Amino acid sequence: MRISKKWIPSIAVPAVIAVGAVALPLQANAVDLPDLSANEVMVLMQQGEVQSFSGTIVKVSDMGLPALEFSSMVSEDMVAEMEEKMPEEFADFVPAVIESNTLTQALELISGTHKVRIYTSGVDKLRAQILDPMAQRDLIVNGDEFWIYDSQMATAVNGTIEMEADPAKQEEAEKAIADYAASIALDINSPEAIADYLVSMIGDTSNLSVGTDHSVAGRTAYELILTPNVEESLIEQAKLSIDSETGMPLKVEVFSTNQVDAAMSVGFESISFGEVDQSLFDFTPPAGTEVTTFDPSELEALLGDYEGDYESLEKDPSDYPEMNQPEILGSDWLSVVRLAALPSDIPTDLMANELFGDMFTEVAGGRVLSTALVNVLITDSGEVYMGAVTIEHLLSVAK
Amino acid sequence: MFAKSLSMSLMLSELRVMFTRRRTWAMLAAIALIPILLALAVALTAEELAPGEGPPFLSQVTQNGLFTGFTATLLALPLFLPLTIAVVAGDTIAGEASLGTLRYLLIAPVGRLRLLVVKYIGTVVFALAATFTLMIAGIIIGSILFPIGPVTLLSGDQISLAESVWRMAVVAFYTTVSMTGILAIGLFISTLTTVPVGAMAATVVLTGVSQILDNLPQLSWLHEWLFTHYWLDFADILRQPIELGSFASNALLQLGYVAVFGALAYSRFSTKDILS
């Protein structure tokens, strides 16, 4: 039987779509920039100081953990029991059946995709919007005032930053806001912040090279490749995309020794430089919002409550609760954070919970929570060690 | 010229047939009932929902009636809206075939391609009517039962009444665009059979399958290719500044589905022996 030529469109259309889907991403690599050495790219990156831009950042984390379905795995009874046993301050940590809370959000950050829109103008105006499904969390900084707004819970936090003449103090104040934002799972790290952190890790233990020129978010970019040359590191390499014009890091990808796909990728999906609509930085909480005023003295208490940092790779170790006195052992890629004990406010129930218990594996001398980029060891004596290093290295440090 | 006026009159007669059918009006009435029942339920229960409780937007309905339309759209999207859409899409060719009218349609000098295009556009018009019915019924019942005022967007910014109405129209249009893919799938399935109910059911089943696959994290590579993937992203219209990225991705994806299943429907329908 002859097949009618009327079937041609049915083959041609999917073929065109398939070719397009393959060819378009390839185009991103068809970029040729003047050659620069790794050091020249570093200089380009460090001199860049873009102040006004708007863009959308996409974060993808694939830490190799089993995906957690809180809504289906936590039964109503379990929730009721947890509610009863937990201290009041920890009400937020009780997994509600649909509701997302700090804990689910913290876990979400280590496995999932997030979209954040960022608008900045000058040095003192910023708006970051985390685009959640059917909801949004906002951080608005305008001069010495800041707002944090959560649309789902209809809550807002309002505070002021002391405008200090001393830039060091100013920086400290800004860090305080970022810490506070992080403590309520409002993660606003941009590719820039992560790139700065990674570059600070370089030391003598890394190789630097320049990869292929490519395009990110419609901009041409150099690729800077950082490869730790210590065997014990969990990090295979990190790839930084540096805008060829402004030196701004546009994308950071961190690869783990354990998996092929990037364990973490944070990059702009779109970006435009230049003035931003100023009305975005004025915020008035809508009627019906529960507004609390930020009290700087609360910050310490809050950080004390903060139950450990899942994304420790991105954070400064000084973020850890002071009361627990973390200790940094080793340096650069082999840094290990040691806590004398689990922060006292992590409910032991939670650790015994099947959900979390399953995430740990038993090793000689303790239990290990293993992710693509961070290993956490809880020794039998209750000490906590964590770092972006192999389990063997953690165990040898623990001895 | 002749062909053009023929297409036009065919289109008009198709729309006339669709909108004089009692079934079409029954489905639109059922769609309008969703926001009405929702608003009544909220108004008649004294219990106030705390923010964050229940489906998104629901706790805002009592403060601002305009949210009834958004909440109703959200609730109708997973099943009810695709169900009515599948009924219309599955009926296109199979319905004519089962009534024995397809033969007569094709005896008239109407190309099969033209008939398919006219049928498809007819279903898109129904989708447009359905999504706007949902939104407009929501606005009307919401403004009767609750106070209305400036709408608070997800970003916490407030917009005027006029702009709210504009954004509602964009949301309804977004949802219509979301339906174009499933309409094309339904049209193709409808060319495969002479039993309209089978085509309708198959279309609904595919919608369900697509939504289930979209929820399996193991298949994350597949998600952005599923026709239901961007359905709930209409929420991006309710951000300040408006986020049109998902609108564009959604439109492109739906266009792909329309092209693929349109081509399949054409190939199948133009090579088919019409026996009834």
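How many residues has helix α7 of chain B, and what distance does the helix reach from its first C-alpha to its last? The exercises below treat this and related matters in a predicted model.

**Exercise 1. Describe the length, the bend and the burial of helix α7 of chain B.**

Solution.

Step 1. Helix α7 of chain B spans residues 161-192 and has 32 residues. From the first C-alpha to the last, α7(B) reaches 47 Å, which is close to the 46 Å expected at 1.5 Å a residue.

Step 2. The helix α7(B) contains a kink of about 30°, centred on B:Thr180.

Step 3. Of the 32 residues of α7(B), 24 are buried, so the helix is largely enclosed by the rest of the structure.

Step 4. One residue of helix α7 of chain B is B:Ala162. Is B:Ala162 buried or exposed? A residue counts as exposed when its relative accessible area is over 50%. The relative accessibility of B:Ala162 is 60%, and therefore B:Ala162 counts as exposed.

Step 5. B:Ala162 and B:Gln60 are 102 residues apart along the chain, and their C-alpha atoms are separated by 19 Å.

**Exercise 2. Carry out a similar description for helix α2 of chain B.**

Solution.

Step 1. Helix α2 of chain B covers residues 22-44, which amounts to 23 residues. Its reach from first to last C-alpha is 31 Å, close to the expected 33 Å.

Step 2. Where does the kink in α2(B) lie? A kink of about 25° lies at B:Leu33, shortly before the proline B:Pro35.

Step 3. The buried residues of α2(B) include B:Thr24, B:Met27, B:Leu28, B:Ile31, B:Ile34, B:Pro35 and B:Leu38. To read such a list, recall that an α-helix has 3.6 residues a turn, so residues three or four places apart point the same way.

**Exercise 3. Identify the partner strands of β9 in chain A.**

Solution.

Step 1. Strand β9 of chain A comprises residues 219-228 and is mostly covered, with eight of its ten residues buried.

Step 2. Strand β7 (residues 206-210) of chain A pairs with β9(A) in the antiparallel sense over five bridges. Within this pairing, A:Val210 stands opposite A:Leu224.

Step 3. Strand β8 (residues 214-216) of chain A is also antiparallel to β9(A), with three bridges. Here A:Ser215 stands opposite A:Thr220. The hairpin of β8(A) and β9(A) has two residues between the strands, and A:Ala217 takes a positive phi near 50° in this hairpin.

Step 4. Strand β10 (residues 235-243) of chain A runs antiparallel to β9(A) and is joined to β9(A) by six bridges. The bridge partner of A:Leu226 in β10(A) is A:Ala238. A hairpin of six residues connects β9(A) to β10(A).

**Exercise 4. Establish the strand order and the edges of the six-stranded sheet in chain A.**

Solution.

Step 1. The six strands form an open, antiparallel sheet in the order β14-β15-β19-β18-β17-β16 (chain A).

Step 2. Which strands stand at the edges? They are β14 (327-329) and β16 (360-363) of chain A; each has a single partner strand, so one side of each is left without a neighbour in the sheet.

Step 3. On average, neighbouring strands of this sheet are turned by 25° against each other, direction ignored.

Step 4. At one edge, β14(A) pairs with β15 (residues 336-339) of chain A over three bridges in the antiparallel sense. In this pair, A:Ile328 stands opposite A:Val337.

Step 5. Helix α11 (residues 391-398) of chain A lies across the strands β14 to β19 of chain A and runs at about 40° to β18(A).

**Exercise 5. Determine where chain A should be read with caution.**

Solution.

Step 1. The mean pLDDT of chain A is 75, and 68% of its residues reach 70 or more.

Step 2. In which element of chain A is confidence lowest, and in which is it highest? The lowest mean, 37, belongs to helix α3 (residues 70-73), and the highest, 92, to β9(A).

Step 3. pLDDT stays under 50 over residues 67-79 of chain A, and also over residues 88-105 of chain A.

Step 4. Where pLDDT is low, the predicted coordinates should not be read in detail.

Terms used. Residues numbered from 1 in each chain as written. Chains lettered and ligands numbered in written order. Predicted model: local features only at pLDDT ≥ 70, side-chain atom pairs only at ≥ 80, totals over all residues. Heavy atoms only, no water. Pairing = 2+ DSSP bridges. Helix = DSSP H or I, 4+ residues; strand = E, 2+ residues; numbered from the N terminus. Axes fitted to C-alpha atoms, helices over the stretch in contact; angles between N-to-C directions. Contact = heavy atoms within 4.5 Å. Expected span 1.5 Å × (residues − 1). Bend = angle between axes of the 7 residues up to and from the residue. Buried < 20%, exposed > 50% of the residue type's maximum accessible area, 1.4 Å probe, protein only. pLDDT = per-residue confidence, 0-100.
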